[in-house]
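Reader: I would like to go through this model with you. Can we start with the overall layout and then turn to the details?

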Amino acid sequence: MRFFPRLLIFGYFVTILSSCEFHCSVGENSTEKNEANKPVMKDGAAVYNGIELHTNIISVKKAYLIYSNGERVPEDNFVDFADPVKLILIINSGWEEQDGKVTLGASEKVKDEEGNIILDEKDLFSGVNEITSEDAKIIGLTLTVRLKKEEPPTSFVTSFRVWDKNGEGYIEGSYKLYTK
């Protein structure tokens with residue numbers, strides 16, 4: 001009879017101790033993750049994912065990378081390319097408006113680690129005449145890369161430029177992605 005209560009108490013302590021250990025390690029990891037996700041402030045813009053950003057006239061609020069499902073790309077930019085990667089630029093001001101509308105251009109160039117150009121789009125918005133100034137406050141450029149399964153790990157540098165076709169304003173920069 002005494003064996004059963006001791007076994008029950010032992011099982012209770014094992015459960016509590018293992019739960020405590022798990023909880024502590026999760027807490028430590030989330031703190032480290034929050035520290036890694038702090039932005040670099042550049043000219044008033046919160047810039048994530050090691051994005052290099054340069055502007056003329058345009059005031060950028062935030063720049064970061066996400067997957068097509070809205071999930072943020074890790075700060076180290078290691079991706080498996082199973083899902084497209086989207087650059088998000090949130091704009092404060094600077095586009096030259098005409099009747100509440102703006103006309104933008106956007107280019108994107110992708111190079112592999114040997115410097116070979118694998119994508120060079122001169123104007124991604126060439127088929128778009130005008131957009132509302134409200135819509136121009138969030139710009140998204142999506143990159144889809146298809147890799148062969150047997151490809152060794154590699155990296156890609158994406159250079160981008162978004163410009164105002166009615167004025168002198170532009171945003172340009174680059175970011176690097178690494179395969180898992």
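**Layout, pairing, salt bridges and core**

Author: The chain holds one helix and 13 strands. The model is a predicted one.

Reader: In what order do the elements run from the N terminus on?
Author: The chain has one helix and 13 strands to place. The helix comes at the N-terminal end of the series, and the strands follow. Written out, the order is α-β-β-β-β-β-β-β-β-β-β-β-β-β.

Reader: What share of contacts between residues at least 6 apart joins residues at least 24 apart?
Author: A contact here needs heavy atoms within 4.5 Å. Taking pairs at least 6 apart in sequence, the share that joins residues at least 24 apart is 62%.

Reader: What percentage of the chain's residues is buried?
Author: Buried means under 20% relative accessible area. The chain has 180 residues, and the buried percentage is 32%.

Reader: How many residues of strand β12 are buried?
Author: β12 spans residues 155-164. The strand is mostly covered. Of its ten residues, the number buried is seven.

Reader: Which strand forms a hairpin with β12?
Author: β12 pairs in the antiparallel sense with strand β8, residues 104-112, over nine bridges. There, Lys111 stands opposite Val157. β12 also pairs in the antiparallel sense over nine bridges with residues 170-179, and Trp163 has Tyr170 as its bridge partner there. Five residues separate the two strands of the hairpin, and the partner is β13.

Reader: Which residue forms a salt bridge with Lys165?
Author: The structure holds four salt bridges. In this one, the closest N and O atoms are 2.7 Å apart. Lys165 lies in the loop between β12 and β13, and its partner in the loop between β9 and β10, so the pair ties together parts 42 residues apart in sequence. The partner is Asp123.

Reader: Is Asp123 buried or exposed?
Author: Its partner Lys165 is partly exposed, at 36% relative accessible area. Asp123 has 19% relative accessibility. The cut-off for buried is under 20%, so this residue falls below it. Asp123 counts as buried.

Reader: How far apart are the closest N and O atoms of Glu172 and Arg161?
Author: Glu172 sits in strand β13 and Arg161 in strand β12, eleven residues apart. Glu172 is partly exposed at 27% relative accessibility. Arg161 is partly exposed too, at 29%. The two form a salt bridge, with the closest N and O atoms separated by 3.3 Å.

Reader: Which residue forms a salt bridge with Glu134?
Author: Glu134 is exposed, at 55% relative accessibility. The closest N and O atoms of this pair are 3.8 Å apart. The partner is partly exposed, with a relative accessible area of 33%. That partner is Lys137.

Reader: How many residues are in the largest nonpolar core?
Author: In soluble globular proteins, nonpolar side chains tend to be buried together. In this core, Leu53, Leu89, Trp95, Phe160 and Ile171 touch the most other members. β2, β4, β6, β8, β11, β12 and β13 each give two or more residues to the core. The core's residue count is 33.

Reader: Which residues of β12 and β13 does Leu53 contact, beyond its neighbours in sequence?
Author: β12 covers residues 155-164, and β13 covers 170-179. Leu53 also contacts residues elsewhere, including Val60, Ala63 and Leu89. From these two strands, its contacts are Phe160, Ile171, Glu172 and Gly173.

Terms used: Residues numbered from 1 in each chain as written. Predicted model: local features only at pLDDT ≥ 70, side-chain atom pairs only at ≥ 80, totals over all residues. Heavy atoms only, no water. Buried < 20%, exposed > 50% of the residue type's maximum accessible area, 1.4 Å probe, protein only. Helix = DSSP H or I, 4+ residues; strand = E, 2+ residues; numbered from the N terminus. Pairing = 2+ DSSP bridges. Salt bridge = Lys/Arg side-chain N within 4 Å of Asp/Glu carboxyl O. Core = buried A, V, L, I, M, F, W, Y, C linked by side-chain atoms within 4.5 Å. Lists of a residue's contacts leave out its neighbours within four places in sequence.
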